[in-house]
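Me: I have the sequence and the model open side by side. Please take me through one part of the fold closely, and then show how the rest sits around that part.

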Amino acid sequence: MGKTEGEGDRPAITRRRALWIGGGGLVAAGAAAYGGRAELVRWWWRLPGNSKPRKAGEVDYRGAQWVEASPANWRFADRPADYEVDRVVIHVVQGSFATALKVFQDPLHGAAAHYVVRKDGHVAQQVRELDVAFHAGNRGYNERSVGIEHEGFVDRPESFTAAMYASSARLTAAICRRYGLPADRKHIVGHVEVPGTDHTDPGPHWDWDRYLRLVRDELRRPPTPKPSA
């Protein structure tokens, strides 16, 4: 956990608007550069005024507690329509669950993850998966990943309880299912593996073999049906 992506990294909306206002000719000319229709659709979602419907306090993961992070610590987006989600990044707070919630609500902190998992398995969501959380220390990774913080310390193996592993694995499996991600070490990574980061979490005591086994076990289970409206 720590300061990652700040105000200076936010996209230049005025420049985007200038690129697109030039008319149909400019859009057509740029189609090849953006890689065809799929990329044009992604850019359309990044334009001001285009956004998916949202409900206040709504969570992406059933049972999660909604504790909104400061808007200074994340960026409005419409993922995966504008940025494809292709991985989960595992973090360790270097502190308590309450500490994580508090600092992610602090606009001066400059960082937040989508989720925080407590030792007893309780999950809080602080940023919608639609949006870009500043958690990885790498803009590209932030744009295409979901970040999960875990209560505890990298040098204390007792931080990582059975309840935490099980709960986090269920959460990661739900994310993998939602975006069609394989449960492997290419798509589920530690913060330490993000290019350019100076962080070491989740650290040497995080049991990757155990964690991935739990995620895969969850993915083998039938998905929980959505509650009827």
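Reply: Start with two helices, α6 and α7. This is a predicted model. The α6 helix covers residues 162–179, and α7 covers residues 208–220. Their axes come within 8 Å and cross at roughly 55 degrees. An angle over 145 degrees would count as roughly antiparallel, and one of 65 to 115 as roughly perpendicular. The crossing fits neither class, so α6 and α7 are oblique to each other. In handedness, the passage of α6 over α7 is right-handed.

Now the residues that touch. From α6 come Ala162, Tyr165, Ala166, Ser168, Ala169, Arg170, Thr172, Ala173, Cys176 and Arg177. From α7 come Arg210, Tyr211, Leu214, Val215, Glu218 and Leu219. By type, the contact holds 10 nonpolar, 2 polar and 4 charged residues. Spacing along a helix helps in reading such a list. An α-helix has 3.6 residues a turn, so residues three or four places apart point the same way.

Two residues of that α6 list, Ser168 and Thr172, lead on to a strand. Both are also in contact with Ile148. Ile148 sits in strand β7, residues 145–150.

How buried or exposed is Ile148? Its relative accessible area is 0%, so Ile148 is buried. Leaving aside neighbours within four places in sequence, Ile148 touches a run of residues from Val88 to His91, namely Val88, Val89, Ile90 and His91. Tyr115 and Val117 are in contact with Ile148 too. So are Leu171 and Ile175, along with Ser168 and Thr172. Ala112 gives a further distance: Ile148 and Ala112 are 36 residues apart in sequence, and their C-alpha atoms are 9.6 Å apart in space.

Widen the view to the whole of β7. The strand is mostly covered, with 6 of its 6 residues buried. Ser145, Gly147 and Glu149 point one way. Val146, Ile148 and His150 point the other way. Both sets are buried.

Next, the sheet. It is open and has 6 strands, in the order β1-β5-β4-β7-β3-β8. The pairing is mixed. In this order, β7 stands between β4 and β3. The edge strands are β1 and β8, and each pairs on one side only.

Strands of a sheet pair through backbone hydrogen bonds, either parallel or antiparallel. What is the sense of pairing between β3 and β7? Strand β3, residues 87–90, pairs with β7 in the parallel sense, over 4 bridges. In one of these pairings, Val89 has Gly147 of β7 as its bridge partner. On the other side, β4 and β7 also pair in the parallel sense, over 3 bridges. There, Val116 stands opposite Glu149 in β7.

Helices pack on this sheet. The α7 helix touches β3 and β8, and its direction makes about 155 degrees with that of β8. The α4 helix touches β1, β4, β5 and β7. The direction of α4 makes about 165 degrees with that of β4.

Take α4 a step further. This helix covers residues 97–104, and its buried residues are Phe97, Ala100, Leu101, Val103 and Phe104. What covers them? The cover includes β1, β4, β5 and β7.

Some loops deserve a check of backbone geometry. Gln94 lies in the loop between β3 and α4. Gln94 has a positive phi of about 65 degrees, although it is not a glycine. Its relative accessible area is 41%, so Gln94 is partly exposed.

There are also cis peptide bonds. One joins Arg79 and Pro80, with omega about 0 degrees. Pro80 falls in the loop between β2 and β3. The bond from Asp201 to Pro202 is cis as well, with omega near 10 degrees. Pro202 is in the loop between β8 and α7.

Finally, the totals. The protein has 7 helices and 8 strands. Of its 229 residues, 49% are buried. Among contacts between residues at least 6 apart in sequence, 76% join residues at least 24 apart.

Technical notes. Residues are numbered from 1 along each chain as its sequence is written. This is a predicted model: local features need pLDDT of at least 70, side-chain atom pairs count only at pLDDT 80 or more; totals for chains, interfaces and linings use all residues. Side-chain values use heavy atoms; hydrogens and water are left out. Axes are lines fitted to C-alpha atoms, for helices over the stretch in contact, and angles run from 0 to 180 degrees between N-to-C directions. Angles under 35 degrees count as roughly parallel, over 145 as roughly antiparallel, 65 to 115 as roughly perpendicular and the rest as oblique. A crossing is left-handed if the near helix is turned anticlockwise from the far one by less than a right angle, and right-handed if clockwise. Contact means heavy atoms within 4.5 Å. Ala, Val, Leu, Ile, Met, Phe, Trp, Tyr, Cys and Pro count as nonpolar, Asp, Glu, Lys and Arg as charged, and the others, Gly among them, as polar. Buried means under 20% relative accessible area, exposed over 50%, partly exposed in between (1.4 Å probe, protein chains only). Two strands pair if DSSP finds at least two bridges between them.
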